[in-house]
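Here are some exercises to work through with the model open beside you. Try each task before reading its solution.

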Amino acid sequence: MGECAVRFTVNGEPRTVVTHPMKRLLDVLREDLNLTGTKEGCGEGECGACAVILNNELVNSCLVPALEASDATICTVEGLATDGELHRLQREFIKAGAAQCGICTPGMLMAGVHLLSRCPNPTLDEIREGLSGNLCRCTGYMRIFEAVQNAAWQSE
Amino acid sequence: MGTAAPRKEAAAKVSGTAQYVDDLCLPGMLHGVTVRSSEPRALIRNIRFGDGIPWHEFTIVRASDIPGRNVVTLICDDQPFLAPMQINHAEEPVLLLAHKNKDLVRRARNHVFLECEPLPPVFDMDEALSARTVIWGNDNVFRRFCIEKGDVDAVWADADLVVEGEYSTEAQEQLYIEPQGMLATWDAETGITVRGSMQCPFYVQKALMPLFNLPPEKVRIIQQETGGAFGGKEEYPSMIAGHAALLAWKSGRPVKMIYDREEDMAATTKRHPSRTRHRTAVSRDGQLLGMDIEFAIDGGAYATLSGTVLSRGTIHAAGPYRCDNIRVRSAAVATNVPPHGAFRGFGAPQSLFALERHMNKVAQAVGLSPEEFRSRNLLRQGHATATGQVIKEPIDLAGLQQRALDLANYSDKLQRFQELNRESAIKRGIGFATFLHGAGFTGSGERNLHSVVHVEARPDGTVCVLSSMTEMGQGTNTILAQVAAEALGAAYDDVEVLRPDTTRVPNSGPTVASRTAMIIAKLVQSASLSLKQRLFDAGSLTDGYSPRQFKDACREYIARFGELKTSAQHQEPPGVYWDDEKYKGEAYGAFSWAVHVAEVSVDTVTGEIQVDDFVALQEVGRVLNPVLAKGQIEGGVAQAIGYALYEKVVWVDGSMANNQMTNYIMPTAVDLPTIRVFFEEIPYEHGAMGAKGLGELPMDGAAPAILNAVENATGLSFCHIPLLPEDVLKKLSLARESTMHLAGSAA
């Protein structure tokens, strides 16, 4: 199979990449667009380190072929801050100590932002459920729950 | 100090700009892979390259290409970078490939065929100890230790009761979320440079110098942001760095080698499986009279760090109990599986699991509650541990234990669960473990390291801390900066902790053994105080200065004198005595102490166990940063809950069969209880600002606490982890059968 042109919007910017249609969106972001904030932890959709928001859905970019992202609107961790100011969830992650080694953090933030967009005032159980596709080996999740809760309160 | 200064590198981590090794890309870079053995033990007869791959485009490195010594230098020179002929474990590296196309090089790996003559492998510790088949040394034993206190042989005859038990634990995968990886470059003038994910840059340097016959200045090792390690990036990175460097040296191009998850899980180290046997003499009133302990760990195919892991496990085997007669005999055994290695806790989680299960059994035998039996035997100030280390600090372990039980509502719950359990198929229970963890290297380890740190002011008046301590998520950058800022009287934001690069930082030893806060931060404190003194001596600073004035003083001093840099080197505190032969004396500079309480519910229909509440109370000296410290305890407890209930390595012919996150299960956000963390603080005079180590401590207690709670809930005694639903169901059905059998015979 040859290469094809795939057009989509990433973090508000229209982009076109010429790529093998089955190349993983994760690799397109990291290699073709140099957006290395999105991480690979397992390559099989278990850990969520590569999570991005694609057309308002949280997806594991290691499981999405480039072609499937045609005409999509994609948000990665690099797109969370606006005008150099961190997203409130990013700020709460810093305050609560929710990022330790930092490798799950981009995916965890995307899951958190996605959760807050659907459910602005989540209960602890809803937070747990909303982050259950993202593995963190450092924190035991407690600091992350706290960050999401604190960010939710600010949105009211 | 004691404040929640924000993590130094947090902004980079939350914005996705922190640079991990796989985020780096150099012009002309090749991708490297490792060809590994699928046989557990064999002789390589031939290596065949299959059809359909343009082999002439590849850089290929075999054992015979290695320019220097084919040995991963660590403690014992037994492990090769590439197996020359003899294979000793599945996944052993044999050959290296590099190509500019990442997909092609991965595909090519499957077209290299090792033609082998299989040899009989040994997978079982008892089989190895029998030495019927010798696979390592003369007797398949890497290391043995024996601790003797008093005369344990004399206690059995007069003891009111003798209680025996056997306990075992399985391998556990570190499962850092960033897989291992390195990026190497070679230059005839400057030598080798390797960047990567690692805990110990100077270990990597030490291993690569003989591999290439190069002096230290030509082997430059740079740590990248490291996405979790937990011990898993202590020794194995030397192997990967060597492989990437060999490919770079042979090709003349930069070579990046990043493991995928399957390779990382199958080939790199895991926690040592263990078996512990206890024989305990106790008086009718519940006084420990003698403890005879045998502890064995499975080291895998090469010695690596197994002797050191065994040492820590051995010293911790008798735990926080006062007993006049103790013998601990231990062995680290060779088998034909990939070498087991460092993992948070380093042998202590294994022997403490056994001990804290066994203490419940002894309590039951003498008819005391677990808490009362422990209280009667816990160490107090002035008492001596198994190695004869006298406890100098005013620790009140019985009080700590009571406080933890109160925080968990232990007595109320015991009673309430008993009533609830009568009516329900879900059985609830509560259990705890009381334990200790020694901080820093064992015995003479710290003395032999001669760790050094530097503190340097820059021309702009900001300060830089230089040490080889790596940040891997645990908070090194932050606490070292906090300690320096407080000792100097500088602003926290004006202190930077340099990421280790062997050409720029001194050797402060490895980032392991809960030593950063207690030992290295203390050196940072001393070097900072010297720097401040130099400013006073030069008249640049006077009492009552502000952080701003400090900065100005540095600037002015450097303008006048050119440089402002101080160092500190570790000195063992006075009166510390350790005998490496007899294993007697002060095993550690200090112990941290903890009581962890777990509440569980056991579904007797499905066998599932849920941890419903968890209280973690610990005394860790002064807490340097409460948010980071809490995060360390919570994360450690989460790993320990995984160790107890979820994480099972399935072995088939010496290989990990479930080397995927899909079927090696670690706790998710919905699996864990709220982990409630509490500290007590007794400042330790030789630690930085009074701190002791705390990173490994929380790995030790959850597994025995949970199994004690399961016993409280169900009456079933389990002695093995991981404890999976199928194990619970099996024991439940056996228990039912024997009840029916008893009922039948009674009728």
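Two strands pair if DSSP finds at least two bridges between them. Helices (H or I, at least four residues) and strands (E, at least two) are DSSP runs, numbered from the N terminus.

Before you start: this is a predicted model, where local features need pLDDT of at least 70, side-chain atom pairs count only at pLDDT 80 or more, and totals for chains, interfaces and linings use all residues. Residues are numbered from 1 along each chain as its sequence is written, while chains are lettered from A and ligands numbered from 1 in the order in which they are written.

**Exercise 1. Find the strands that pair with β5(B), and say how they run.**

Solution. Start with strand β1 (residues 30–36) of chain B: 6 bridges tie it to β5(B), and the two run antiparallel. Within that pairing, V33(B) has L97(B) as its bridge partner. Now go to strand β3 (residues 59–62) of chain B, which is antiparallel to β5(B) too, over 4 bridges. Here V61(B) is matched with L96(B). Last, check the cover on β5(B) (residues 93–99): 6 of its 7 residues are buried. A residue is buried if 20 or more other C-beta atoms lie within 10 Å of its own, exposed if 12 or fewer, and partly exposed in between, with C-beta atoms placed from the backbone.

**Exercise 2. Sort the residues of β3(A) by the way they point, then trace the strand's partners.**

Solution. In a regular strand the side chains alternate between the two faces of the sheet. In β3(A) (residues 51–54), A51(A) and I53(A) point one way, V52(A) and L54(A) the other, and all are buried. Next, the partners. Strand β4 (residues 57–60) of chain A pairs with β3(A) in the antiparallel sense over 4 bridges, with V59(A) opposite V52(A). These two strands make a hairpin with 2 residues between them, and N55(A) in the turn has a positive phi of about 50°. Strand β5 (residues 73–75) of chain A also runs antiparallel to β3(A), joined by 2 bridges; there, C75(A) is the bridge partner of I53(A).

**Exercise 3. Check the length of α5(B) against the helix rule, then look at its surroundings.**

Solution. The expected span is 1.5 Å times one less than the number of residues. For the 16 residues of α5(B) (residues 236–251) that should give 22 Å, and the end C-alpha atoms are 23 Å apart, so the two agree. Of those 16 residues, 15 are buried, so the helix is largely enclosed by the rest of the structure. Just past its end, G252(B) has a positive phi of about 75°.

**Exercise 4. Lay out the overall fold of chain A.**

Solution. Count the elements: 5 helices and 5 strands. Put in sequence order, they read β-β-α-β-β-β-α-α-α-α. Along its principal axes, the C-alpha trace spans about 50 × 30 × 25 Å. Of the 156 residues of chain A, 58% count as buried.

**Exercise 5. Describe the contact between chains A and B.**

Solution. Two residues are in contact if their C-beta atoms, placed from the backbone, lie within 7 Å. Chain A puts in 39 residues and chain B 40 residues. On the chain A side, α2 (88–96), α3 (105–118), α4 (124–130) and α5 (142–155) each supply at least two residues. Of the elements, α2(A) gives the most, with 4 residues.
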